Amino acid sequence: MPVTVPVLRVEACRGERSAGPLVLRPLTGKPVDRRDVYRMVQRIARAATIPRHISPHSLRHAAITNALDAGVPLRDAQILARHADPRTTEHYDRARGNLDRHGVHFLTAYVAGV
């Protein structure tokens, strides 16, 4: 998987460590677990005054939806999400019911020669 600039910033936080978990709890130095990540996301959502329930899984849905909205092919979004079946990736697409993206628009544009 390619390493993006935000990941490189996190990587810089590891300091001189060459092995072990990348993200540690600040007070204990122990690795973060899934509950820690959930609490981090909750804390950030509250600070951003987001009125909805946000979880790490919500962010996963958002990433897949945004990738598909940006024109990333379904196969590439499937690989990003590490899904074995493209139908699972399609299930994560929260905009799948968006009529603005309905295939009839593409078909009409094709028939019209646009």
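Is Arg25 buried, exposed or partly exposed? Arg25 counts as partly exposed, because its relative accessibility is 27%, and partly exposed covers the range between under 20% and over 50%. The points below concern a predicted model.

1. Overall make-up. The chain contains six helices and zero strands. Read from the N terminus, its elements follow the order α-α-α-α-α-α. Of the 114 residues in the chain, 18% are buried.

2. Surface and contacts. About 9300 Å² of the chain is accessible surface, and carbon and sulfur atoms account for 61% of that area. If one takes the contacts between residues at least 6 apart in sequence, 27% of them join residues at least 24 apart.

3. The nonpolar core. Five residues form the largest nonpolar core: Ile64, Leu68, Ala77, Ala81 and Tyr92. Two elements give two or more residues to this core, namely α3 (56-69) and α4 (74-81). Ile64 is a useful residue to look at here. Leaving aside residues up to four places away in sequence, Ile64 touches Ala81, His83, Thr89 and Tyr92.

4. Helix α3. The 14 residues of α3 should span 20 Å at 1.5 Å a residue, and the C-alpha atoms at its ends are 20 Å apart, so the two values agree. The buried residues in α3 are Ser58, His61, Ile64, Thr65, Ala67 and Leu68. These buried residues of α3 pack against α4 and α5 (86-92). Several of the positions can be read with helix geometry in mind. An α-helix has 3.6 residues a turn, so residues three or four places apart point the same way. Just after α3 comes Gly71, with a positive phi of about 95 degrees.

5. Salt bridges: the pair in α2. The count for the structure is four salt bridges. In one of them, Arg39 pairs with Asp36, and the closest N and O atoms are 2.7 Å apart. Both residues belong to helix α2 (residues 34-47), where Arg39 and Asp36 are three residues apart, about one turn of the helix. What is the burial state of each partner? Arg39 is partly exposed because its relative accessible area is 44%. Asp36 is buried because its relative accessible area is 10%, and the cut-off for buried is under 20%.

6. Salt bridges: Arg25 and Asp33. The side chains of Arg25 and Asp33 also form a salt bridge, with an N to O distance of 3.3 Å. Asp33 has a relative accessible area of 28%, so Asp33 is partly exposed. Arg25, as said at the start, is partly exposed at 27%.

7. Salt bridges: Arg87 and Asp85. Another salt bridge joins the side chains of Arg87 and Asp85, 2.6 Å from N to O. Arg87 is exposed, because its relative accessible area is 61%, and exposed means over 50%. Asp85, at 23%, is partly exposed. Elsewhere, salt bridges that share partners connect Arg25, Asp33, Asp36 and Arg39 in one network.

8. Where to look. For the core, start at Ile64 and find Ala81 and Tyr92, which are among the residues it touches. For the charged side chains, start at Asp36 and Arg39 in α2, then follow the network that also includes Arg25 and Asp33.

Technical notes: Residues are numbered from 1 along each chain as its sequence is written. This is a predicted model: local features need pLDDT of at least 70, side-chain atom pairs count only at pLDDT 80 or more; totals for chains, interfaces and linings use all residues. Side-chain values use heavy atoms; hydrogens and water are left out. A nonpolar core is a set of buried Ala, Val, Leu, Ile, Met, Phe, Trp, Tyr and Cys residues joined through side-chain atoms within 4.5 Å. Buried means under 20% relative accessible area, exposed over 50%, partly exposed in between (1.4 Å probe, protein chains only). Helices (H or I, at least four residues) and strands (E, at least two) are DSSP runs, numbered from the N terminus. Contact means heavy atoms within 4.5 Å. Accessible areas come from the Shrake-Rupley method with a 1.4 Å probe; for residues, only the protein chains shown count as cover. The expected span of a helix is 1.5 Å times one less than its number of residues.
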